[in-house]
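Here are a few exercises to work through with the model open in your viewer. Try each task before you read its solution.

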Amino acid sequence: MATYSAPGKVFLFGEHAVVYGKPGIAMAIKPRVHVTVRKGRYPPSLKSPYLESCFHEFGVTGSLYINSQLPSSSGLGSSAAVTVATLSAINDEYGFEQTRDEIAQIAYGIEKRVQLGRASPTDTQVATYGGIVMMKNGVRRTLPPQDFQLVIGNTQISHSTAQLVEDVADFRRNHPAVAGSLIDSIETVTRQALFHLQDQECLGRYMDINHALLDALGVGHPMLTTLVTAARDAGAYGAKMTGAGGGGSMIALCPKREKKQVARAIDAAGGRSIVTSLDTEGVRKEQ
Ligand code: MEV
């Protein structure tokens, strides 16, 4: 029997633009997914295409148990965390000796296939390595850890990442100049954020701008804007949707002392809050 856990993730800056070769900044967060795999003669009964692919990839059978505090389809990287933890557990249980890099590669291949070819490796890299990372053209750069106090607001409106990425692609095909300049502006905000990682007030302002740009790109949702506004009014430095949008989750960067107040405001506005901070560890073996 082998048990592995992997962290969820939030995009701090640059989602969607990252699909077009622009930089994205993402951070691993505390709710982790735990997966236990046990050797067995029978194929597991699985409803998820991600999990089916994990077993298929290694050509093995066995049983699987998942314990996750990460809500699925909420923009918090749960499918990548489950995929990376499951592949790592199979790898260990069956003694395949794949490296972390190889696990990350296989996980990305699965995400890409399930999401119809439209996924950046951000989620799978963060689930594998943890920390704060900048991704560009599939290459990961680890950034120095920061004391970011975040409150997540889950709208509980599920979304399809593949569909939202497709919607942006359509918009870009039909309105290349407008979409192009919005994507370029997201890149500018992301690059400037890199220079101000230690200035949280400034980062908050950039998050507000990034939210507006994503809204303009067409991936907003009224509930996301309601939660973002509630968080800002309650004292957050700034707030934005995170991940694909169209529902899913938002994040608020907060002074430590305002976290509870921001979480209460998000709940009162109809979201489900999760108070979180950086998880520096990626996938790991559990006892
Ligand atoms: C989804 O969490 C983020 C997107 O940029 C897609 C991706 O990077 O795979 C929308």
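**Exercise 1.** Find out which pocket the ligand takes up in this predicted model, and which elements build its shell.

*Solution.* Start with the space itself: the ligand takes up the largest pocket. Next, look for elements that give two or more residues to the shell: these are β1 (2-13) and α5 (161-174). Now go through the residues around the ligand, among them K9, F11, H16, S120, T161 and V165. Sorted by class, the shell comes to 6 nonpolar, 4 polar and 2 charged residues.

**Exercise 2.** Track down polar contacts to oxygen atoms of the ligand, then say how much of the ligand's area the protein covers.

*Solution.* The cut-off to use is 3.5 Å between N or O atoms. Begin with S120: an N or O atom of its side chain sits 2.5 Å from a ligand oxygen. Then take H16, where a backbone N or O atom is 2.9 Å from an oxygen of the ligand. Finish with K9, which has a polar side-chain atom 3.4 Å from a ligand oxygen. As for cover, the ligand on its own has 300 Å² of accessible area, and the protein covers 97% of that.

**Exercise 3.** Work out how the rings of F58 and F96 are arranged, and what their pairing ties together.

*Solution.* The whole structure holds 2 aromatic pairs. In the pair of F58 and F96, the ring centres are 4.8 Å apart and the planes meet at 20°, so this pair is stacked. Now place the partners: F58 belongs to helix α1 (residues 49-58), while F96 is in the loop between α2 (78-93) and α3 (100-114), so the pair ties together parts 38 residues apart in sequence.

Definitions and conventions. Residues numbered from 1 in each chain as written. Predicted model: local features only at pLDDT ≥ 70, side-chain atom pairs only at ≥ 80, totals over all residues. Heavy atoms only, no water. Near = heavy atom within 4 Å. Polar contact = N/O pair within 3.5 Å; in protein donor to acceptor, adjacent residues only side chain to side chain. Areas by Shrake-Rupley, 256 points an atom, 1.4 Å probe, with all protein chains shown as cover. 1 Å grid on protein atoms, 1.4 Å probe; cavity = no way out; pocket = protein on both sides within 12 Å on 5 of 7 lines; lining within 4 Å. Sits in = over half its atoms within 2 Å of the grid points. Helix = DSSP H or I, 4+ residues; strand = E, 2+ residues; numbered from the N terminus. Nonpolar A, V, L, I, M, F, W, Y, C, P; charged D, E, K, R; others polar. Phe/Tyr/Trp six-rings, centres within 6.5 Å; stacked < 30°, edge-to-face > 60°.
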